[in-house]
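Student: Could we go through this structure together, one question at a time? I would like to see how each answer is reached.

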Amino acid sequence: MLDWTFCVDGPLPIPSDPTLLMEHPTTAPDVPLKNRSLAALLALTWPGMGHVYQGRKAKGLLYFLCIFGLYAVGFALGEGANVYWTWVNPLRNPEHFRLYYLGQFWVGLPAWPALIQATLIHQGFQPLFNGFMAAPMLDPTMDNGVREVMQEVVRRVFSLHQKYGGLKEIGDIYTTIAGLLNVLAIYDAFEGPAVRQEATSTADVSSTSEAESA
């Protein structure tokens, strides 16, 4: 006997006997996922690397081109000054809290220098590479050497606003979306391809129903 339920595409037959479902198992992914945790870590480090490690090279290349490409375009629109982090309390200093970086972080290595720069500044050290990917923020407690570098960073970011206008904000969004897309890629590297239910054709179920009726 079959129970019937409805969906947007019409009625779907659902066997009332659970054993009928066991006779139609789902399709197991024919992909060697190897060490899934390591694959996810590699995917976090660099878009697509986890899939390449698993031998899913085409998918890894696709993720790399799409995710890193989107990040690179957004990064170029802001000349690298739109990816940065600040160690501030968002409740006490929401103006300087960098919400975009919560998404940008997941791109991996291309975005992590901003985390290093923020940590150096927060600990009172001078940022590296003339403040590349450092937050454009001045603090009265900064050391004179740090302040000189940060003044140049603030000046550069201000000039970008004048030069590109709204394009810099578009770069913020592109780099953030790229990071969020890589979250999906990390999940795919860990969990593997989506499992497709074995085609249980209506004809098969119908034939079973007819046999039971007879």
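Tutor: Happy to! Let us start with a term: a residue counts as buried when its relative accessible area is under 20%, and as exposed when that area is over 50%. Keep in mind that this is a predicted model.

Student: Is Lys-168 buried or exposed?
Tutor: The cut-off for buried is under 20% relative accessible area. Lys-168 has a relative accessibility of 4%, so Lys-168 counts as buried.

Student: Which residue does the side chain of Lys-168 meet in a salt bridge?
Tutor: In general, side chains of opposite charge can pair when their charged atoms come close. Here the partner lies in helix α8 along with Lys-168, four residues apart, about one turn of the helix. The N to O distance is 3.8 Å, and the partner is Asp-172.

Student: Asp-172 also meets Arg-98 in a salt bridge. How many residues apart in sequence are the parts that this pair ties together?
Tutor: The side chains of Arg-98 and Asp-172 meet at 3.2 Å, N to O, and both residues are buried. Arg-98 lies in the loop between α4 and α5, whereas Asp-172 lies in helix α8, so the parts tied together are apart in sequence by 74 residues.

Student: Which residue meets Lys-59 in a salt bridge of 3.2 Å?
Tutor: Lys-59 sits in helix α4, and its partner sits in helix α8, 129 residues apart. Lys-59 is partly exposed, with a relative accessible area of 29%, while the partner counts as buried at 10%. That partner is Asp-188.

Student: Which residue joins Lys-59 and Asp-188 in a network of salt bridges?
Tutor: The salt bridge between Asp-188 and Lys-59 is one part of that network. The residue linked with them is Arg-56.

Student: Which helix gives the most to the largest nonpolar core?
Tutor: As a general point, nonpolar side chains tend to be buried together in soluble globular proteins. The largest nonpolar core here has 14 residues, and Tyr-71, Val-83, Tyr-101 and Met-133 have the most contacts inside it. Helices α4, α6 and α8 each supply at least two of its residues. With four residues, the helix that gives the most is α4.

Student: Is Thr-176 buried or exposed?
Tutor: Thr-176 has its place in helix α8. Leaving aside neighbours within four places in sequence, Thr-176 is in contact with Tyr-100, Gly-103 and Gln-104. Its relative accessible area is 13%, so Thr-176 is buried.

Terms used:
Residues are numbered from 1 along each chain as its sequence is written. This is a predicted model: local features need pLDDT of at least 70, side-chain atom pairs count only at pLDDT 80 or more; totals for chains, interfaces and linings use all residues. Side-chain values use heavy atoms; hydrogens and water are left out. A nonpolar core is a set of buried Ala, Val, Leu, Ile, Met, Phe, Trp, Tyr and Cys residues joined through side-chain atoms within 4.5 Å. Buried means under 20% relative accessible area, exposed over 50%, partly exposed in between (1.4 Å probe, protein chains only). Contact means heavy atoms within 4.5 Å. A salt bridge is a side-chain nitrogen of Lys or Arg within 4 Å of a carboxyl oxygen of Asp or Glu.
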